[in-house]
Amino acid sequence: MDILINYKNDFSENEYKELRASAGWSPLSDSQIANIINNSNFKIAAYINDQIAGMARCITDNGYLYLLCDIIISPNYQGMGIGKKMLLKFIDEIKNSIGNSYAKLYIMSLKGKEGFYKSLGFNEDIATGLAIEINKEML
Ligand SMILES: CC(C)(COP(=O)(O)OP(=O)(O)OC[C@H]1O[C@@H](n2cnc3c(N)ncnc32)[C@H](O)[C@@H]1OP(=O)(O)O)[C@@H](O)C(=O)NCCC(=O)NCCS
């Protein structure tokens, strides 16, 4: 039986904090979290039985480039196809917003998670990413 998923285009700071913690990601300051929520132009959250099961967000120039920043599915719901369904819905929303034109959606995948994105059609023929962590101790 298919699980009933409700989608919203927003999520709260606490929901985001909890999902980050569930993924084992380092905590961010409250002001960073507030900026993330306020300045992500495209957000989606999946709810199952009124509980958040996952989120994704991206930032965009609203013209051509879309950068998928995070996607997190709660460990309780991983491996059930929910991440894929949620991201397909997200991609559909971007598609609807660009009309007859085209755009590019990029992801900086964490190591080991590439297979998830490849299952959705992301590929390395267009681009590959590099990243640097910025903190007080660096350089
Ligand atoms: C990565 C993550 C978002 C995947 O979400 P999910 O709901 O568990 O994935 P789904 O069940 O929708 O899987 C969809 C497809 O991706 C594949 N997949 C999922 N996770 C994968 C992984 N880590 N490596 C390779 N393939 C993976 C599945 O096998 C499935 O393939 P199929 O369509 O051919 O059957 C989820 O595991 C998660 O939130 N992890 C913790 C946070 C994280 O690492 N986020 C990504 C940062 S780059």
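The paragraphs below go through a predicted model of one protein chain, from its overall build to single residues.

The secondary structure of the chain consists of 4 helices and 5 strands. Read from the N terminus, these elements follow one another in the order β-α-α-β-β-β-α-β-α. The radius of gyration is 15 Å, close to the 14 Å that the globule rule gives for 139 residues, so the chain is as compact as a globular protein of that length. The C-alpha trace spans about 50 × 35 × 30 Å along its principal axes.

Some totals describe how the chain is packed and what its surface is made of. Of the 139 residues, 33% are buried. If one takes the contacts between residues at least 6 apart in sequence, 58% of them join residues at least 24 apart. The accessible surface of the chain comes to about 9200 Å², and carbon and sulfur atoms account for 50% of that area. The chain carries 14 positive and 16 negative charges, and the mean positions of these two groups are 3 Å apart.

The cysteines come next. A disulfide is a covalent bond between the sulfur atoms of two cysteines. How many disulfides does the structure hold? The number is 0. Why does Cys58 not form a bond with Cys69? The closest cysteine sulfur to that of Cys58 is the one in Cys69, and at 6.5 Å it is too far for a bond. A pair would have to lie within 2.5 Å to count as a disulfide. Seen from the other side, the cysteine sulfur closest to that of Cys69 belongs to Cys58, again at 6.5 Å and too far for a bond. As for their surroundings, Cys58 has 0% relative accessibility and therefore counts as buried. Cys69, with 25% relative accessibility, counts as partly exposed.

Two asparagines stand out for their backbone angles. Asn49 is not a glycine, yet has a positive phi of about 50 degrees. Where is Asn49 placed? Asn49 is in the loop that runs between strand 2, residues 42–48, and strand 3, residues 51–60. Its relative accessibility is 67%, so Asn49 counts as exposed. Asn62 also has a positive phi, near 60 degrees, in a residue other than glycine. Asn62 belongs to the loop between strand 3 and strand 4, the latter covering residues 65–73. With a relative accessibility of 55%, Asn62 counts as exposed.

Between these two loops runs strand 3, and Gln51 is part of that strand. Is Gln51 buried or exposed? Gln51 has a relative accessible area of 53%, and is therefore exposed. Gln51 is 36 residues away from Glu15 along the chain, while 9.3 Å separate the C-alpha atoms of the two.

Strand 4 contains Leu65. At 36% relative accessibility, Leu65 counts as partly exposed. Leu65 and Leu105 are 40 residues apart in sequence, and the distance from C-alpha to C-alpha is 6.3 Å. Which residues does Leu65 touch, leaving aside those up to four places away in sequence? They are Ile59, Thr60, Lys104 and Tyr106. One of these contacts, Thr60, belongs to a further pair: the C-alpha atoms of Thr60 and Leu88 are separated by 17 Å, and the two residues are 28 apart along the chain. Leu88 sits in helix 3, which covers residues 82–97. Leu88 has 44% relative accessibility and so counts as partly exposed.

A last stop is helix 2, residues 30–39, where Asp30 has its place. The relative accessible area of Asp30 is 52%, so Asp30 is exposed. Asp30 and Asn14 are 16 residues apart along the chain, and their C-alpha atoms are separated by 9.9 Å.

To sum up, the predicted model shows a chain of 4 helices and 5 strands, with 33% of the residues buried and 0 disulfides. Its radius of gyration of 15 Å makes the chain as compact as a globular protein of that length.

Note on methods
Residues numbered from 1 in each chain as written. Predicted model: local features only at pLDDT ≥ 70, side-chain atom pairs only at ≥ 80, totals over all residues. Heavy atoms only, no water. Rg over C-alpha atoms; globule rule 2.2 N^0.38 Å. Buried < 20%, exposed > 50% of the residue type's maximum accessible area, 1.4 Å probe, protein only. Contact = heavy atoms within 4.5 Å. Areas by Shrake-Rupley, 256 points an atom, 1.4 Å probe, with all protein chains shown as cover. Lys, Arg positive; Asp, Glu negative; His and termini not counted. Charge placed at Lys NZ, Arg CZ, Asp CG, Glu CD.
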